[in-house]
Amino acid sequence: MAGQSMIRENMDKKPFKTKYGYFSNDGKEYIITTPLTPQPWVNVICPGEYGFIVSQCGTGYSWHKHATINRLTRWEQDLTIDECGKFLYMKDLDNGIVWSPTWKPVRASCEYYECRHGIGYTVFLMQCNGIESEVTMFVPPDKTLEIWSVKLKNLTYKDKSILIQSYIEWSLGMPYIHKEFDKLFIQTEYRAKTIFATRKDWPYCAFHSLTCSPPEGFILDKNNFFGREGSPKSPKSLELKKLDVRIDPSRLVTPIACNRTKAELKPGQEIGFGFITGISDKKKNALALNGKYKTVKDIEESLSRTKKFWVDRLSDFIVETPNDKFNFLTNWWLKYQAISGRIKGRTGYYQPGGAFGFRDQLQDSQVYLPLQPEKTKKQILLHAGHQYKSGIVKHWWHPITEDGPESKFSDDLLWLPFVTLNYIKETEDYLILDEKIPYLDFKQTSDISTLYEHCVRAIDKALSRFSKRGLPLIGEGDWNDGLSNAGKNWKGESIWLAHFLYGILNDWTELLSRMKIDKKRMKTYSEKAQKLKSAVNKYAWDGNWYIRATKDSGEAIGSNKCTEGKIYLNAQVWAVINRLVPKDRIERMLNSVEKYLYKNYGPIVFYPAYSKYDSKIGYITKYPAGVRENGGVYTHAATWAVWMECLLKRSKRAWKLYNKISPIVRAMEPDLYLCEPYVTAGNTDGPDSPHYGKGGWTWYTGSAAWLFKISAEGILGIKSGYDGLYIDPCLPPGWKRCGIYRVFRGTKYKIEISRPDGQSKKIKKITVDGKVLKTKFLPQFKDGKVHNVKVSM
């Protein structure tokens with residue numbers, strides 16, 4: 001070889017290595033060592049309004065503000081074939097060998113392949129035909145564009161002439177439904193090494209440009225790129241020494257963007273250049289954005305700033321425990337997945353979405369509480385603005401158009417007071433309740449209310465929808481959308497919702513007591529809570545567990561009398577979380593949960609699965625037995641079971657459940673699990689499925705934020721309350737020490753928990769800066785300095 005390889009000397013210990021890849025030593029990257037993963041293993045990169053998703057083969061798509069209705073580039077969901085994306089082609093002009101530096105679409109054999117999915121970026125490293133390539137893809141946090149930084153190095157003793165072509169097929173809004181019709185509205189233009197794409201009915205300008213390398217031509221039409229006889233593996237345009245840049249609008253069959261350049265490489269020589277894809281309001285502003293990346297140094301500095309942006313955003317809660325799987329997930333990947341995939345991007349490979357779910361992103365925003373609580377506040381206020389005067393909310397809505405259905409689900413509206421309460425406990429910001437937000441059906445000034453009013457209208461609306469037995473009605477579903485027909489006529493009841501509402505009533509009562517306001521409502525909520533608790537324990541107890549719900553007909557769901565769906569997880573877990581189950585029943589209930597619901601790959605939603613469709617329950621019964629909510633492990637709900645076990649201080653069970661749903665643990669059996677090792681899956685097939693243990697629906701799942709929250713507050717026990725931060729751990733057996741860095745209300749705490757016997761559950765002593773703590777709560781210095789907290793158990 002003529003030159004030193006760009007591939008760094010691999011000093012990684014290769015943590016949690018399988019035949020498909022491993023983590024970097026610090027856990028911030030997952031290194032995929034073969035493009036042939038069991039399913040597409042992707043990275044969702046979205047720091048703001050602009051984002052893209054890329055697989056280990058280079059497939060994926062880009063969007064701005066909404067991953068479906070404002071998608072820039074064409075993509076078709078097919079997790080088996082997975083051929084759609086934005087690609088680069090390379091051709092050796094001496095020997096004619098063609099390859100792609102992300103492996104697809106050419107799929108050429110190569111001497112070396114590596115895909116490094118990182119926090120906010122993805123890197124492809126390949127060696128083909130004596131040429132080493134490094135392609136780094138990222139989104140600068142404050143820009144509406146993505147950059148592909150390309151580096152090539154000649155490892156041979158011969159001069160090399162390499163042709164490089166990019167390929168993007170435009171979408172510009174909604175994905176094609178009637179492709180041959182929709183594509184007629186897209187207009188393209190080439191100017192200043194930049195291809196522009198516009199539509200008359202689209203208020204943006206998309207662009208794709210070449211930077212840091214002289215242009216060798218461009219193509220605007222798919223037919224000219226591939227040719228009628230060509231293919232994604234072998235485009236005919238690569239056979240042309242010179243591209244015909246003449247544009248005949250009548251011959252534009254399908255609008256694309258292709259920029260061509262050429263690299264002349266001496267033996268051992270390395271060069272760099274870049275491609276930029278993005279969106280702007282005007283062409284001149286797009287050119288101004290391009291102008292910020294005139295040199296390779298500009299691109300490298302932007303990449304450094306991007307990496308720093310993400311690390312800074314995630315570093316106000318960092319742990320160091322004896323378990324690196326726990327460390328990698330808690331420090332980086334759970335937070336990143338929740339923020340980039342769920343809150344900002346709101347999309348994935350299994351669900352190319354883009355909408356805000358009222359309950360969904362509210363729950364997800366709790367990930368910000370120990371990081372940037374002002375972001376949680378922003379999310380709360382956004383969702384409050386999607387509530388009607390009646391207290392009802394939008395079930396979901398599309399940003400840009402604001403279209404979305406009025407919720408007929410009974411729980412949606414209650415997540416507003418739930419998350420607001422958690423925000424106040426974290427920040428002590430009671431003034432958020434005075435923020436004024438208009439209702440959706442705003443008509444006059446009186447239709448603008450404080451957040452406090454928004455929250456109590458939600459609670460009061462829920463209280464107005466009760467059965468004659470004093471239990472909340474389920475409507476077209478509660479947290480489980482799949483119970484879609486149980487209460488379609490607003491007669492069926494939800495026992496899980498009763499547990500959930502009971503907790504909110506108690507917590508809101510405490511809030512009012514502390515604020516010394518609204519005494520009448522405080523008394524009402526307190527009384528309603530006690531009546532609700534009595535009604536649940538009178539009507540919903542089934543002998544060994546709580547029923548899950550009743551149908552409009554009054555028939556129980558989740559009862560021992562049921563042939564299928566006898567016992568449901570959520571109806572038991574939340575009875576413990578909100579302290580509603582009497583002491584004399586809890587052991588029987590927990591024994592039932594362990595016997596029927598705790599399975600090899602986590603706690604299943606219910607047991608046994610439905611084998612037949614039940615139109616009186618809902619679409620949950622349409623799934624094959626054991627799939628998703630029909631008797632599978634639904635990871636979001638499974639995290640709540642971990643939470644329950646932590647509250648009960650059953651540390652062995654809590655840790656066992658955690659590991660059953662940990663993606664790193666599960667991915668040690670990659671050909672069974674199939675999913676990415678670095679992000680949570682939405683579901684795992686249950687025991688009634690022929691594919692028991694198979695994962696799915698990664699990235700776009702609310703389980704990431706909840707697993708982070710429960711890891712921090714449940715397992716490590718670092719909890720926020722109205723009076724401050726306190727420590728109440730449920731450490732796994734065998735852990736003798738762990739460290740936590742936590743920022744809380746302007747104070748930086750460096751917490752060290754010591755447990756020499758690896759078993760103790762009680763705290764013996766806490767010191768802060770060497771002084772013994774005599775109260776439950778850590779002192780709030782609010783001085784921006786680091787304070788040392790030592791916990792002895």
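These are worked exercises on salt bridges, surface residues and internal spaces in a predicted model.

**Exercise 1. Find where the salt bridge between lysine 160 and aspartate 92 sits in the chain, and decide whether its two partners are buried or exposed.**

Solution.
Step 1: Start with the contact itself. The side chains of lysine 160 and aspartate 92 come together with 2.7 Å from N to O, and a salt bridge needs these atoms within 4 Å.
Step 2: Place each partner. Lysine 160 belongs to strand E13 (residues 160–173), while aspartate 92 belongs to strand E7 (residues 87–92). The two are 68 residues apart, so this pair links distant parts of the chain.
Step 3: Check the cover. Lysine 160 and aspartate 92 are both buried.

**Exercise 2. Which parts of the chain does the salt bridge between aspartate 447 and lysine 389 tie together, and how does each partner rank for accessibility?**

Solution.
Step 1: Look at the distance. The closest N and O atoms of aspartate 447 and lysine 389 are 3.2 Å apart.
Step 2: Locate the loops. Aspartate 447 is in the loop between strand E23 (436–438) and strand E24 (448–450), and lysine 389 is in the loop between helix H7 (373–384) and strand E22 (396–397), so the bridge ties together parts 58 residues apart in sequence.
Step 3: Apply the 20% limit for buried residues. Aspartate 447 has a relative accessible area of 3% and is therefore buried. Lysine 389, with 30%, is partly exposed.

**Exercise 3. Describe the salt bridge between aspartate 728 and lysine 649, then turn to the helix H15.**

Solution.
Step 1: Aspartate 728 and lysine 649 form a salt bridge whose closest N and O atoms are 3.3 Å apart.
Step 2: The partners are 79 residues apart: aspartate 728 lies in the loop between strand E35 (724–727) and strand E36 (737–744), and lysine 649 in the loop between helix H14 (635–647) and helix H15 (651–661).
Step 3: Aspartate 728 is partly exposed at 27% relative accessible area, and lysine 649 is partly exposed at 22%.
Step 4: Now for H15. Eight of the eleven residues in this helix are buried, so H15 is mostly covered. Among the buried residues are Trp655, Leu657, Tyr658 and Ile661.

**Exercise 4. How many salt bridges does the model hold, and which residues are linked with Arg74 in a network?**

Solution.
Step 1: The count comes to 48 salt bridges.
Step 2: Arg74 shares a network of salt bridges with Glu76, Glu169 and Lys222.

**Exercise 5. Inspect the surface around leucine 184 and lysine 491.**

Solution.
Step 1: Find leucine 184 in the loop between helix H1 (179–182) and strand E14 (186–191). Its relative accessibility is 61%, so leucine 184 counts as exposed.
Step 2: Add the partners. Leu184 forms a nonpolar surface patch with Phe181 and Phe185, and together they have about 310 Å² of accessible area.
Step 3: Move to lysine 491, in the loop between helix H9 (451–464) and H10. Lysine 491 is exposed, at 57% relative accessible area.
Step 4: Check one distance across the fold. Lysine 491 and arginine 465 are 26 residues apart in sequence, and their C-alpha atoms are 9.3 Å apart.

**Exercise 6. Describe the largest cavity and the largest pocket: what volume does each have, and which elements line them?**

Solution.
Step 1: Begin with the closed spaces. The whole structure has four cavities of 30 Å³ or more, and the largest cavity holds about 90 Å³.
Step 2: Identify the walls of that cavity. Residues lining it include Phe317, Gln366, Phe708 and Arg742. Helix H18 (703–715) and strand E34 (718–721) each give two or more residues, with the largest share, four residues, coming from H18.
Step 3: Sort the cavity lining by type: six residues are nonpolar, two polar and four charged.
Step 4: Turn to the largest pocket, with about 1000 Å³ of space. It is lined by 38 residues, and Lys425, Arg579, Trp643, Leu647 and Tyr726 lie nearest its centre.
Step 5: Name its elements. Those giving two or more residues to the pocket lining include helix H8 (415–427), helix H10 (495–515), helix H12 (570–577) and helix H13 (583–596), along with H14, H18 and E34. H10 gives the most, six residues.
Step 6: Sort the pocket lining too: 19 residues are nonpolar, six polar and 13 charged.

Technical notes. Residues numbered from 1 in each chain as written. Predicted model: local features only at pLDDT ≥ 70, side-chain atom pairs only at ≥ 80, totals over all residues. Heavy atoms only, no water. Buried < 20%, exposed > 50% of the residue type's maximum accessible area, 1.4 Å probe, protein only. Patch = residues over 30% accessible without salt bridge, like charges linked within 9 Å, V, L, I, M, F, W, Y side chains within 5 Å. Areas by Shrake-Rupley, 256 points an atom, 1.4 Å probe, with all protein chains shown as cover. 1 Å grid on protein atoms, 1.4 Å probe; cavity = no way out; pocket = protein on both sides within 12 Å on 5 of 7 lines; lining within 4 Å. Points joined across faces, edges and corners; volume = space filled by probe spheres on them. Nonpolar A, V, L, I, M, F, W, Y, C, P; charged D, E, K, R; others polar.
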